[in-house]
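Here are a few exercises to work through with the coordinates open. Try each one yourself before reading the solution.

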Amino acid sequence: MHPSAPASAPAIASAPRVFVVIPARFAASRLPGKPLAMIGGRPMIEHVYRRAAAARGISGVLVATDDARIAQAVEAFGGRAVMTRSDHVSGTDRIAEVAAGLSCDLVVNVQGDEPLLAPEAIEEAAAPLLADPSIPIGTLAGALADDDAPNPHVVKVVVDQRGFALYFSRAPIPYRRDADAPRASVYRHIGLYVYRRECLLALAALRPTPLERAESLEQLRALEHGHRIRVVETSRASVSVDTPDDLERVRRLANGLLP
């Protein structure tokens, strides 16, 4: 009689591979060259990179750029940069070009103008996708100040009873027909996204949709095509840099916060 074959060892599921990709371009209309703007003696892109790398569970961080000056600055502080095409219309399309060459499960889109981003915010956004493989996209939202509601530069989001986005808008939503109507849960959207890689690549292959073009909000492409977006409420506020005034504000806030 032949000895019985040894039982196969149980399969051990490997931890999901999560990459942060930071889209960064030089030709910003309101603040050209902002990824290289100096904050505390270091370029902004370095602060964003190091904060992203400090998040737990991250397999790697890459900067996606079409500008050699940004790539050189990233490599100078020991980071990794990937050159992309220059004709991308959005940061999502730019990171999708990079994601196509990655072997990973999740791709985190961290904006290159968030030098004060808390690493824990990345962990919060990724948590629902790590826990539930049916969720294709995650993002963050925070408290909305009353005076920000009419501001078109502050994106608002309303969610359903399970925390999934119903709509994003630059307009004050929802409209309250009666003054005594109850206040619905509306939040200030924070533009950090976590995608399943295959969902990101599928979205990048689609043409911009009517609502996306009307509001100039690329996340509406996902909603219009039926992709759910899980919105995680966070108290970890950040400050994005869009204008010279924003840059000066971040420089003031950074005193004592940056290493």
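**Exercise 1.** In which sense do β1 and β6 pair, parallel or antiparallel, and over how many bridges?

*Solution.* Keep in mind that this is a predicted model. Start with the two strands: β1 and β6 pair in the parallel sense, with four bridges between them. For a concrete example, pick Phe19, whose bridge partner in β6 is Val107. Next, step across to β10: β6 and β10 run antiparallel, and they are joined by four bridges. Here Val108 has Val194 as its bridge partner in β10.

**Exercise 2.** Work out which way the side chains of β6 point, and whether they are buried or exposed.

*Solution.* Begin with the general pattern: side chains in a regular strand alternate between the two faces of the sheet. Now sort the residues of β6: Leu106 and Val108 point one way, while Val107 and Asn109 point the other way. Then check burial: all of them are buried.

**Exercise 3.** Find the residues with the most contacts inside the largest nonpolar core.

*Solution.* First, the size: this core has 40 residues. The best-connected ones are Ile22, Val63, Val108, Val110, Ile122, Leu192 and Val194. Next, ask who contributes: the elements that each supply at least two residues include β1, β4, β6 and β10 among the strands, and α1, α2, α4 and α8 among the helices. Zoom in on Ile22: leaving out residues up to four places away in sequence, Ile22 touches Ile45, Val48, Tyr49, Val61, Leu62, Val63, Ala64, Val110, Gln111 and Gly112. Finally, don't miss the other core, which lies apart from the largest one and has 29 residues, including Leu62, Ala99, Val107 and Phe168.

**Exercise 4.** Classify the aromatic pair formed by Tyr49 and Phe77.

*Solution.* You need two numbers, since a pair of aromatic rings is described by the distance of the centres and the angle of the planes. For Tyr49 and Phe77 these are 5.3 Å centre to centre and 70° between the planes. Planes over 60 degrees apart count as edge-to-face, so that is the label for this pair. Then place the partners: Tyr49 is in helix α1, Phe77 is in the loop between α2 and β5, and they are 28 residues apart. Both fall under the 20% cut-off for burial: Tyr49 is buried because its relative accessibility is 11%, and Phe77 is buried because its value is 15%.

**Exercise 5.** Which charged ends sit over the rings of Phe26 and Phe164?

*Solution.* Over Phe26 you'll find the charged end of Arg69, 3.6 Å from the ring centre. Over Phe164 sits that of Arg228, at 4.3 Å from the centre.

How values were computed
Residues numbered from 1 in each chain as written. Predicted model: local features only at pLDDT ≥ 70, side-chain atom pairs only at ≥ 80, totals over all residues. Heavy atoms only, no water. Phe/Tyr/Trp six-rings, centres within 6.5 Å; stacked < 30°, edge-to-face > 60°. Buried < 20%, exposed > 50% of the residue type's maximum accessible area, 1.4 Å probe, protein only. Lys NZ or Arg CZ within 6 Å of the ring centre and 35° of its normal. Core = buried A, V, L, I, M, F, W, Y, C linked by side-chain atoms within 4.5 Å. Contact = heavy atoms within 4.5 Å. Pairing = 2+ DSSP bridges.
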